[in-house]
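Subject: Structure handover

Hello,

Here is the structure we talked about. Please open it alongside this email and follow the residues as you read.

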Amino acid sequence: MKLSVSSTAIWKQIPSDIDVIIGESAELKCALDNLSPALLPTWYDASTNPATAVSEGEIVFPTCPTCSITGTHSNGEYHLTINPVSLNDEGTWRCTVLDASPQSQDAQLTVLVPASIITSPSDQTVTEGTNTVPLQCAATGKPNAITYTWKKGSSDISRGGRYSLNGGSLTISNIVREDDGIYICYASNGVGQHAISDSATVTVNYPPTITTSPSDQAATEYTDQVTLQCTATTGKPTTITYTWKKGSAYIIIGGRYSLNSGSLTISNIVKEDDGIYTCYASNGIGQPDIASATVTVYYPPTITTLPSDETVTEGSISLTLQCTATDDVPVTNGITDFYSGIGDSISMNVSVKANPLLVTFGDWKNYDVVLTDKVDTLSTSTVFINEVRELHFGVYNITAHNDIGSVVLQVNLHHAGVPDSPTSMNIIHRSYNSLSILLSPGYDGGDGRDIVHYIEYRSALEASFQSLPSDGMGTRNTTILIMQLQPSTTYEIKAKTCMESDSFLLHMCFLLI
């Protein structure tokens, strides 16, 4: 008997290596001529050991649920289609036909994965001038050679200068306000579309800038108001707080001071408003921007601290007495007491502070007495009396004026002599063992600066008086407290006024009983 052997199957399409993006469809070709119906192509997953059969002919086994056999079978086409492709499908796939030569043909299936973002940048808030701002970005994919690009808004960021990349992370150095904006990271490995990160907002805070500065101004006391302009461009945050200082002291808004936006208005100008004013514009970021201006206040001479009294005694040559008028008191009269003995020589001086400083002094007049021996400067008037006589005593009026106004200074020249006795003595408080005595002194005569007072008292049973103060120095106080008295006892009380100097104590005392 003679056996008949069928023709050998001939390969006409063999599977070839293929790259497929994950989730897409992959088709591995396998086609032969002269196929025997009993020996149809079988597909294997050759990445396993042993290889796993996934189909025979057009029948697909459960080992590959995403596999199917496609092609025109009558033409010998038994292609393996995998849809969708997963990472598990990557590897070697084999088409086997037992009566073909060779019996098997292999192909490599490589699964590609587009880049995907795994770390997105986060919002950041920084201050202008900050050294660096890092914006994180990382991606994964297959292949893992990933290219990163960044955009600010719709504009590409070019690497270099203040921008540097480390992996996918962008670092911005030397932050400026123009860096404020929205940043997006793009990642690509050449597979599919590029990956896009979540956007990150970089907020750059910066202080405001003063654009309208105050200007120097001049005003006249009591007549004008002054407005010092101050406006600033908006910083970030946009809320601007304006504060003002005069010199180093903060100005409290209210009363004569009002604030309109950043501009300061000072009403009812007084001489104390003269000075340097500084506007501060701040939004809480960094140092405030500042601008300064000088306000000059013109005012007439005015009286302030009166000089201390001076006494000229016999044999002295001259005495200078100063009365200073400055900017603390409105135009008014002020009297200063001076003391001199008859026959003495004396010089008296008054000085003023004013703006403008050029001050003219009038005559020193005491009724019909006019002191003509005087020397005037810009702010000082000095008179001289070579020999004081009785007619020189009294009040002298001196007018000082400038272009703004005038003030009258008064100087009272007294005859330095024995002080008068107290004019009255009253009990203002009493208890069972104490009394408070109020003296009304008479200052007609004597140097008021050196006058002191005493109280002497004794009971009807005592022969001698006790003195208060007990130290013998006297007191300038006109209220004297007597303590440790005996209840229900009558006391005799005397008051006396003396010159403080010991040389006058015994000879210039007057008693009031």
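Below are notes on salt bridges and on one small sheet.

First, a caution: this is a predicted model.

**Salt bridges**

A search of the whole structure turns up 11 salt bridges. Three of them are described here, each with its surroundings.

Start with Glu-90 and Lys-142. Their side chains form a salt bridge, at 2.6 Å from N to O. The two residues come from distant parts of the chain, 52 residues apart. Glu-90 is in the loop between strand S9 (79-82) and strand S10 (91-96), while Lys-142 belongs to strand S14 (residues 138-142). Glu-90 has a relative accessible area of 29%, so it ranks as partly exposed. Lys-142 is also partly exposed, with a relative accessible area of 29%.

Next, Glu-128 and Arg-177. This salt bridge joins their side chains at 2.9 Å, N to O. Again the pair links distant parts of the chain, here 49 residues apart. Glu-128 is in the loop between strand S12 (124-127) and strand S13 (132-135). Arg-177 is in the loop between strand S18 (169-173) and strand S19 (181-188). Glu-128 is partly exposed, at 27% relative accessible area. Arg-177 is partly exposed too, at 29%.

Then look at Glu-221 and Lys-271. The closest N and O atoms of this salt bridge are 2.8 Å apart. Glu-221 sits in the loop between strand S23 (217-220) and S24, and Lys-271 in the loop between S29 and S30, so the salt bridge ties together parts 50 residues apart in sequence. Are these two residues buried or exposed? Glu-221 has a relative accessible area of 5%, which is under the 20% cut-off, so Glu-221 is buried. Lys-271 is buried as well, at 4%. The contact between their side chains also counts as a polar contact, at 2.8 Å.

**The sheet beside those loops in sequence**

Strands S24 and S29, which border the two loops just named, also belong to an open sheet of 3 strands. The order is S24-S29-S28, and the pairing is antiparallel. Why do S24 and S28 each have one side without a neighbour in the sheet? Strand S24 (226-228) and strand S28 (257-260) stand at the edges, and each has a single partner strand, so one side of each is left free of a neighbour in the sheet. From one strand to the next, the twist averages 20°.

S28 and S29 run antiparallel and are joined by 4 bridges. To find the pairing on screen, go to Leu-259: its bridge partner in S29 is Leu-264.

Best wishes

Definitions and conventions
Residues are numbered from 1 along each chain as its sequence is written. This is a predicted model: local features need pLDDT of at least 70, side-chain atom pairs count only at pLDDT 80 or more; totals for chains, interfaces and linings use all residues. Side-chain values use heavy atoms; hydrogens and water are left out. A polar contact is a pair of N or O atoms within 3.5 Å; within protein, one must be able to donate a hydrogen and the other to accept it, and residues adjacent in sequence count only if both atoms are side-chain atoms. Two strands pair if DSSP finds at least two bridges between them. Axes are lines fitted to C-alpha atoms, for helices over the stretch in contact, and angles run from 0 to 180 degrees between N-to-C directions. A salt bridge is a side-chain nitrogen of Lys or Arg within 4 Å of a carboxyl oxygen of Asp or Glu. Buried means under 20% relative accessible area, exposed over 50%, partly exposed in between (1.4 Å probe, protein chains only).
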